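Here's a walk through one protein chain, written for someone who would rather think in residues than in file formats. Have the sequence and the viewer open as you read.

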Amino acid sequence: MNLRGLAAFALALAVAVAPVMAQPAPPAPLPPSDEVLPEEALTQKLAVWRIDALGIDTELVGRLEALFRMELDRLATAPLPSRRDIDKAIAGDAELSRCGGEDRCVAAIGKKLGVDVMVTGSVAAMGDNYIMNIKAVDVAKGTQIRRIASDPLRGSPDELIDAIRVAAYRLLAPDQLYGSAVVLTDLLGATVEVDGKKVGATPLPGPIAKLPLGEHTLKVSAKGYTPFEQPVTVRFQKATRVVVRLTVAPGDPEGVAPPIVVTRRPSPWYSSTWAYVGVGVV
């Protein structure tokens, strides 16, 4: 091979090898983000009679009622009758038009609408907060299924929506009031406990599911490491992420292997790509 052919070969080799050397390592998988968990829809047909304002702005109550109807629409399989549908169903019936929320007349309205459950209630001020008192009435029996008072409603629109959603589920699907927690750690075989109950070992196969709403105590422990323990707040239909970094216990803990140190030796100068290129050019 002459000098020109040797240079061409070296240049081709450099072009072929350079992309492989410059190619970045694949990115590490991202941790799962908070996500809404799947819901179990209600099969009963629902309708909302009205939400009354007690001593507060009716426009605000109208917004809360609209949010509440929207959440019930998401919860039920069949769409809720609109206000126009309700007015049309009771048109000409003066007694039902004046219904103040009593079980008997609310159930009668539900029969005209052809639904199974009627919901009605009121919103009242309590200092700077608002309390929604709502009840569900069995249309066929004319009796209450459940009556609740919501947690104090106040804050940003997102917080208000979450409070309304929780109120809807507390009234009609209390068994679905749960959230979950995701434990992220790079330590294998650590024991994970929630409120003193073991739920598995790391890495967990998935989120710790169906946890009651509120604060729980999460503990992650492993032999030779200082236990990790902290309160975790579980939110409605959300996956709360917890990053756990265990530290080696002070001293020389038994059973913990010393870290493995990898020494990278420098490659000889003649093994680099540019050395071949230089030879080819020369």
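What follows goes from salt bridges and a disulfide to the cores and the empty spaces.

First, some ground rules. This is a predicted model, with local features needing pLDDT of at least 70 and side-chain atom pairs counting only at pLDDT 80 or more, while totals for chains, interfaces and linings use all residues. Residues are numbered from 1 along each chain as its sequence is written, and side-chain values use heavy atoms, with hydrogens and water left out.

**Salt bridges**

The structure holds 10 salt bridges, a salt bridge being a side-chain nitrogen of Lys or Arg within 4 Å of a carboxyl oxygen of Asp or Glu. Here are three of them.

| Pair | N to O distance |
|---|---|
| Arg83 and Asp87 | 4.0 Å |
| Arg104 and Glu95 | 3.3 Å |
| Asp103 and Lys135 | 2.6 Å |

Take Arg83 and Asp87 to begin with. Both sit in helix α3 (residues 83–89), four residues apart, about one turn of the helix. Helices (H or I, at least four residues) and strands (E, at least two) are DSSP runs, numbered from the N terminus. An α-helix has 3.6 residues a turn, so residues three or four places apart point the same way. This pair is also part of a salt-bridge network that links Glu65, Arg69, Arg83 and Asp87.

How buried or exposed are these partners? Buried means under 20% relative accessible area, exposed means over 50%, and partly exposed is in between (1.4 Å probe, protein chains only). Arg83 is partly exposed because its relative accessible area is 30%, and Asp87 is partly exposed at 41%. For the Arg104 and Glu95 bridge, Arg104 counts as exposed at 59%, whereas Glu95 is partly exposed at 44%.

The bridge between Asp103 and Lys135 ties together distant parts of the chain: Asp103 is in helix α5 (residues 103–113) and Lys135 is in strand β3 (residues 129–138), 32 residues apart. Lys135 has a relative accessibility of 7%, so it counts as buried.

**Helix α5 and the disulfide**

Asp103 is also one of the buried residues of α5, along with Cys105, Val106, Ala107, Ile109, Gly110 and Leu113. These buried residues pack against β1 (46–54), α3, α4 (94–97), β2, β3 and β4 (143–149). After α5 comes Gly114, with a positive phi near 75 degrees.

Cys105 is half of the one disulfide in the structure; the cut-off for a disulfide is a pair of cysteine sulfur atoms within 2.5 Å. Its partner is Cys99, with an S to S distance of 2.0 Å. The link is right-handed, with 60 degrees about the S-S bond, and both cysteines are buried.

**The cores**

In soluble globular proteins, nonpolar side chains tend to be buried together. A nonpolar core here is a set of buried Ala, Val, Leu, Ile, Met, Phe, Trp, Tyr and Cys residues joined through side-chain atoms within 4.5 Å. The largest one has 32 residues, and Phe68, Leu72, Val119, Met132, Ile134, Leu171 and Leu172 have the most contacts inside it. Two or more residues come from each of β1, α2 (58–75), β2, β3 and α6 (157–172), with α6 giving the most, at eight.

Leaving out residues up to four places away in sequence, Met132 touches nine partners' worth of scenery, including Leu64, Phe68, Ser122 and Ile164. Contact means heavy atoms within 4.5 Å. Ser122 lies in strand β2 (residues 117–126) and counts as buried because its relative accessibility is 12%. With the same sequence neighbours left out, Ser122 touches Ile51, Asp52, Leu54, Ile131, Met132 and Asn133.

A second, separate core of 18 residues includes Ala222, Phe228, Val232 and Leu246.

**Empty space**

On a 1 Å grid over the protein atoms alone, a cavity is a set of points where a 1.4 Å probe fits but cannot get out, and a pocket is an open set with protein on both sides within 12 Å along at least five of seven lines; lining residues have an atom within 4 Å of a point. Points are joined across faces, edges and corners, and a volume is the space filled by probe spheres set on them.

There is one cavity of 30 Å³ or more, and the largest cavity holds about 40 Å³ of space. Ala181, Val194, Leu211, His216, Thr217, Leu218 and Val232 line it. Strand β9 (residues 214–221) gives the most to that lining, with three residues.

The largest pocket has a volume of about 240 Å³. Among its lining residues are Asp151, Asp162, Arg235, Phe236 and Lys238. Helix α6 gives the most to the pocket lining, with three residues.
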